[in-house]
Amino acid sequence: MFAQYLGKRRAMQLVNLPMLAAWLLFYSATCTEHMYLALCFVGIGGGLMEAAVITYVAEITDPKYRGMFSALATTCVSLGVFTQFLLGSLMHWRTVAIVSTVIPLFSIAMLCFVPESPVWLIRERRFLDAVKALQWLRGWVSEKTVETEFKQLYDELITQKSARKTVEDQVSSSVGHSLKKKLHMWHKRSFVVPFLLVLLTFFICHFSGKTPIRSYAVLIFATLKAPMDKNSATILLGISELLATILGAVFIHSTGKRPLVFTSMLGTGACISGIAIYTHSLDIRELTGIETVNASTSMLNNSILHNGMASQLSPVNVHSYLEWIPLLLVLLAAFFANLGIRMIPWVLIGEMFPAEIRRSASGFAGCMGYLFGFLANKMFLLMISVLTLPGTFAFYACVSFIGIIILYFIMPETEGCTLGEIEAHFSKKSDVNLLRKTKNDNSQNDDAKVIDYE
């Protein structure tokens, strides 16, 4: 919410402070309570950062490239995860913590050199600053080059808003009308429908197996007897995720979101099904060595588990050439998940909500996404105890396959569309059906717009 008053650039700088405090606390921790407190700072910083970063990227980018740049946010997350995997294998964890403090400090410094969101500046009626920001963002172009884009944003954010406000003021002039209007925005179809869509994509993302596989990677590789050191296999997992997010960011502009997401879910479901069949054929019913471990195990306990109990793990004995099958399936499952369904909720968050509540709605949706991730990790061991390991992976595969069918009928193709067109689609103010609109149609519209502007 404070981004509404300070601007997104300052908000993104400020939310780096909890992350900096978290890394310093990790480094100086002397008890488990310090680790818990540091994790709280990480959660606060990460939660506050999501809404500001995602909406900033959506507001500063050209519609043609918005999907690609929004997807790069997920690529950066995967890069961060891979970096931590790599540093953790080379350094002591306290050293990793102190080295990681460089990132928030660097981010705060670099954000001093980027402009504020033109959308925020126009809403604050700082029109000259908005024009300068557009000139910078479009490649240090002349004022005349961004004139059409500025007029379009002005019309959407000032002219149309003023017209609606005039009508509403004639209807009601009570003191509580302003609050009632803000609350009404959260009940409108233009918010409810995209919010439910984002929740569904978050559910599919986390409960298709991606999140538990990352969190329990070491134990999974050890149980399935990966033909290499389990920590090295975890690094390969990070590389697989990073490569997939890079490819997803590259191809999302040319293929569109729908084909990329469907390919991602189909590949994830197939690989998870393979893991379920493999574990069932070898009668692997649970993760070996975790009889007394539950999903609430702390980071310190996990360290003891990985280092102190490694010798107690009893991996399954199979022929050497079969040992590569589960490793490849896990890596491919992570690859396909990060190719599309892992990043698509965060891309949709930045572009689907109405401008009036985009910041707060994005933050709320991001919070729900983290809640789904927490539940997926928390329930993993419980699901294994009830459904067995093959049954749990079979459940994840079913989520992917059923998700393809559902999203095929309800997820629109927003690549190449303006934020106004997307809002009009969900509020039924437009005759354009983005469910039937192909990526090529969007590209043709973009070309037509360029011709009109010229």
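**Exercise 1. What should the 13 residues of helix α3 span at 1.5 Å a residue, and how far apart are the end C-alpha atoms of α3?**

Welcome! The model you have open is a predicted one, so let us start by checking a helix.

*Step 1.* Helix α3 covers residues 16-28. The expected span is 1.5 Å times one less than the number of residues, so the 13 residues of α3 should span 18 Å.

*Step 2.* In the model, the end C-alpha atoms of α3 are 19 Å apart, which agrees with the expected value.

*Step 3.* Now colour α3 by accessibility. Its buried residues are Asn16, Pro18, Met19, Leu20, Ala22, Leu25 and Phe26.

**Exercise 2. Describe the chain as a whole.**

*Step 1.* Going through the secondary structure gives 22 helices and 0 strands.

*Step 2.* Of the 454 residues in the chain, 47% are buried.

*Step 3.* Take the contacts with a separation of 6 or more: 80% of them join residues that are 24 or more positions apart.

*Step 4.* For one pair distant in sequence, pick Val193 and Ile410, which are 217 residues apart along the chain, with their C-alpha atoms 9.7 Å apart in space. Val193 belongs to helix α12, residues 189-207, and is partly exposed because its relative accessible area is 29%.

**Exercise 3. Classify the packing of helices α15 and α16.**

*Step 1.* The axes of α15 (residues 230-255) and α16 (residues 257-281) come within 7 Å and cross at roughly 130°.

*Step 2.* An angle over 145 degrees would count as roughly antiparallel, and 65 to 115 as roughly perpendicular. The two helices are therefore oblique to each other.

*Step 3.* On the α15 side, the contact is made by Gly248, Phe251, Ile252 and Thr255, while α16 supplies Lys257, Pro259 and Leu260.

*Step 4.* Sorted by class, this contact has 4 nonpolar, 2 polar and 1 charged residues.

**Exercise 4. Work through three of the salt bridges, asking which parts of the chain each one ties together and how exposed its partners are.**

*Step 1.* A general reminder helps here: side chains of opposite charge can pair when their charged atoms come close. The structure holds 9 salt bridges.

*Step 2.* Begin with Lys8 and Glu59, whose side chains meet at 3.3 Å, N to O. Lys8 sits in helix α2 (residues 8-14) and Glu59 in helix α4 (residues 32-60), so this pair ties together parts 51 residues apart in sequence. Lys8 is buried, since its relative accessible area is 0%. Glu59 counts as buried too, at 8% relative accessibility.

*Step 3.* Next come Glu351 and Arg66, with their closest N and O atoms 2.9 Å apart. Because Glu351 lies in helix α19 (residues 344-352) and Arg66 in helix α5 (residues 66-90), the bridge ties together parts that are 285 residues apart in sequence. Both Glu351 and Arg66 are buried.

*Step 4.* Finally, look at Glu149 and Arg138, where the closest N and O atoms are 2.6 Å apart. Glu149 is in helix α10 (residues 147-171) and Arg138 in the loop between α9 (127-137) and α10, so the parts tied together are 11 residues apart in sequence. Glu149 counts as partly exposed at 22% relative accessibility, and so does Arg138 at 23%.

**Exercise 5. Which residues are linked with Arg66 and Glu351 in a network of salt bridges?**

*Step 1.* Start from the Glu351 and Arg66 salt bridge.

*Step 2.* Add Lys257 and Glu415, and you have the network of salt bridges that links these four residues.

*Step 3.* Lys257 has appeared before: it is one of the α16 residues in the contact with α15.

Technical notes: Residues numbered from 1 in each chain as written. Predicted model: local features only at pLDDT ≥ 70, side-chain atom pairs only at ≥ 80, totals over all residues. Heavy atoms only, no water. Helix = DSSP H or I, 4+ residues; strand = E, 2+ residues; numbered from the N terminus. Buried < 20%, exposed > 50% of the residue type's maximum accessible area, 1.4 Å probe, protein only. Axes fitted to C-alpha atoms, helices over the stretch in contact; angles between N-to-C directions. Parallel < 35°, antiparallel > 145°, perpendicular 65-115°, else oblique. Contact = heavy atoms within 4.5 Å. Nonpolar A, V, L, I, M, F, W, Y, C, P; charged D, E, K, R; others polar.
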